[in-house]
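Trainee: I'd like a close look at one part of this model, please. Take me through a strand and then the turns and helix further along, and spell out the terms as you go.

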Amino acid sequence: MREIMYREALREAMAAEMKKDPYLFLMAYDVGKYGGEHRISGNLYHMFGDLRVKDAPISEQAIVGCGIGAAVTGCRAIVEIPFMDFMPLCMDMIANQAAKFYHTFGGQMNVPLVVLTSMGGYIRAAQQHSQCLEAWVAHVPGLKTVMPSTPHDAKGLMHTAIQDPNPVIFIEHKRLLPMKGPVPEEEYSIPFGQADIKKEGKDVTVVATSFTVHLSLNVARKLEKEGISVEVVDPRTLVPLDKRTILDSVKKTSRAVIVHEAHVTGGFGGEIAAVLADEAFGYLKAPVKRVGAKWTPIPFPSQQEDAVLPQEADIERAIREVL
Amino acid sequence: MESLKKLDKDLVERMHEGMLRIRLFEETQSRVFKAGEQEGFTHLYLGEEAIAVGACLNLTPDDFITSTHRGHGHMIAKGGDFKKMMAELYGRRTGQCLGRSGSLHIADRSIGMLGANGIVGDGNPIAVGAGYSIRLRGTKQVVVSFFGDGATNQGTFHESLNMAASWDLPVIFVIENNGLSCGTITESVCRVLNNLGDRAAAYGIPGENIDGMDVVQVYRTVGKAVERARAGEGPTLVNCKTYRHHGHFEGDVDVRSPEQVKEARGHDAVADFERRMLQEGLITEQGIRERRQRIQRLIDEAVEYARGSPRAPAEDAMKFVYAE
């Protein structure tokens, strides 16, 4: 199978959907001729023109609000907030408007809107360009939260996100954007709420998301040589969450480590740990461990960022602790 | 003040009818709310009737409006149904939003009313989006965004006007300038309160400062803006000076002195308009009484309908979280 980059996979899905629906548009600053802050939109401006691939002022509230207003009046929108750190600027539009329209108005108006954003550090970008705020959006009923870890998943989940009649927070990772992987040329969609077992194993379950899936896989391969068999489960979407696959895996291995790049405290890992405590307590042979960022903003110099963000060594240590 | 005789007689009737529909609905709502018949909070449009009516008389059912926490008047002016509205305010299953959202979130998508909104200033970006949608779909619709003077100090005001202006979107921004930002006197936090329309200059679009108590002036000014918008010439900002007769919400402590409240209630768009109609021989005292009685009957029926409707069932709270 051909291999393309994560960002190309996203673009491919967006382009295919835009060809199908003349009322689907993409809006953000830099999304047009510039090709997107993260080079995701690329040549879409030249393919679809100014109205469909729209450069916006740096006005996060108006960008998301514009997407909502268009979405409830006959269009569909993808709006890009290039860094998740900027999402607080438009969190009101996301949490108070997009998430609540359908419920508040008793089903009169749904909001087919994709908010495309990026998470994550390991790029020496400092405190305001490195955060993982997925727990913020996963906490709001009415939103769906998607965070693919591979080019293959990125394409399939983007198709699903655009076709979904609800607001979807689609979170890519800056380190994953240039990553290449096998991606079918034909169109396919991956249902939300369907976790993927990235590697099968029998001794311990690692539930990991986004970039940390790859860190976890590296650790799993390393431990394999010692005869430790690690299963890596990638939920792919936090809302809806595929509890079944996670529970089945943990019931099989009896041990669980939850890994995410976000801060441990208040992170989505706590939610997964609670699901395990509620529904798999009797199967557990060790306490559930969480691995994530330490309790400080993310500094930029490598020695500090590496000390704060979860590393392979942290994941390995946690796995050894539960074995 | 312009002679009403210059206007089509039917239009004058609709102005009167429209303002009375809001006035009587809100007076009734105030009464039943204070009697403890409803839960929650309710913000009344009393005093500001001329703005919603004057603006919406320029619109077709296909056009859109966005609204505020004080949204009953906008809903009625756009053609809202008394029964479904009242049932919503009573939290009944027959309500416009299934009785789950109440006064703060009255909405009717079928008449282009995109929702009363509990967040001050949030209607503006949504209105811009509806305007963008009109551009993309290539129709001749327009959007009117209603918001208060308080909302002009939100970031959304700046972001929305700049965006709509940059792209010549068909949005009319209508400020309902009652001089109050919730419980704060806006003058104390805004130097240009009386001339908020002048802020349009910052975005390179036309801005007007008008008497929002004169339904004819609102109708004419917004009409011109609607024409501009339909012609693809972009947005307009219309600052309508008005008076809020009641507090921020019913049962609220009014930040104004009793004298200021009395003064505000002395400015009465409905009474003024009726006086003009009488002076120009366009209606009789008897005619006014009959119209009021006819509308009041409809509202009373709506109240009875709401009272007789089943309460929104608890289990319905979980419905419509996600669309299928």
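**A strand and a helix in chain A**

Mentor: Let's start in the middle of a strand: L116(A) has F170(A) standing opposite in β7(A). Keep in mind that this is a predicted model, in which local features need pLDDT of at least 70, side-chain atom pairs count only at pLDDT 80 or more, and totals for chains, interfaces and linings use all residues. Residues are numbered from 1 along each chain as its sequence is written, while chains are lettered from A and ligands numbered from 1 in the order in which they are written.

L116(A) belongs to β5(A), and it is also the bridge partner of E80(A). That gives you the two neighbours of interest. On one hand, strand β4 (residues 76-81) of chain A pairs with β5(A) in the parallel sense, over five bridges. On the other, β5(A) makes six bridges with strand β7 (residues 168-173) of chain A, again in the parallel sense. Two strands count as paired if DSSP finds at least two bridges between them. The names come from DSSP runs too: helices are H or I with at least four residues, strands are E with at least two, and both are numbered from the N terminus.

How well covered is β5(A)? Seven of its seven residues are buried. For that label, 20 or more other C-beta atoms, placed from the backbone, must lie within 10 Å of a residue's own; 12 or fewer makes it exposed, and anything in between is partly exposed. In a regular strand, side chains alternate between the two faces of the sheet. Here both faces are covered, with L113(A), V115(A), T117(A) and M119(A) buried on one side and V114(A), L116(A) and S118(A) buried on the other.

Now for the loops, where the backbone has some surprises. Most residues other than glycine have a negative phi, and most peptide bonds are trans. A126(A), in the loop between β5 (113-119) and α6 (134-138) of chain A, goes against that habit: its phi is positive, about 75°, although it is not a glycine. Why is A126(A) labelled partly exposed? Because 16 other C-beta atoms lie within 10 Å of it.

Further along, the loop between β11 (230-234) and β12 of chain A holds R236(A). R236(A) is not a glycine either, yet has a positive phi of about 65°. This one counts as buried, because it has 28 C-beta neighbours inside 10 Å. Past β12 (237-239), in the loop leading to α9 of chain A, sits P240(A). The peptide bond that joins V239(A) to P240(A) is cis, with omega near 0°.

That loop brings us to the helix. In α9(A), the buried residues are I246(A), S249(A), V250(A) and T253(A). They span an arc of only 95° around the axis, so they sit on the same side of α9(A); the arc is taken from the directions that run from the helix axis to the C-beta atoms. What covers them? The cover includes β9 (196-199), β10 (204-208), β11, β13 (256-263) and α10 of chain A. After α9(A) comes S254(A), another residue with a positive phi, near 70°.

The partnership with α10 deserves a little more time. Two packed helices are described by the angle between their axes and the distance between the axes. For helix α9 (residues 243-253) and helix α10 (residues 268-279) of chain A, the axes come within 11 Å and cross at roughly 65°. Axes here are lines fitted to C-alpha atoms, for helices over the stretch in contact, with angles from 0 to 180 degrees between N-to-C directions. The crossing of α9(A) and α10(A) is right-handed, meaning that the near helix is turned clockwise from the far one by less than a right angle, whereas anticlockwise would be left-handed.

Which residues make this contact? From α9(A) come K243(A), I246(A), L247(A) and V250(A), and from α10(A) come I272(A), V275(A), L276(A) and E279(A). Contact requires C-beta atoms, placed from the backbone, to lie within 7 Å. Sorted by class, the contact has six nonpolar, no polar and two charged residues. Nonpolar covers Ala, Val, Leu, Ile, Met, Phe, Trp, Tyr, Cys and Pro, charged covers Asp, Glu, Lys and Arg, and the others, Gly among them, are polar.

Terms used. Two residues are in contact if their C-beta atoms, placed from the backbone, lie within 7 Å.
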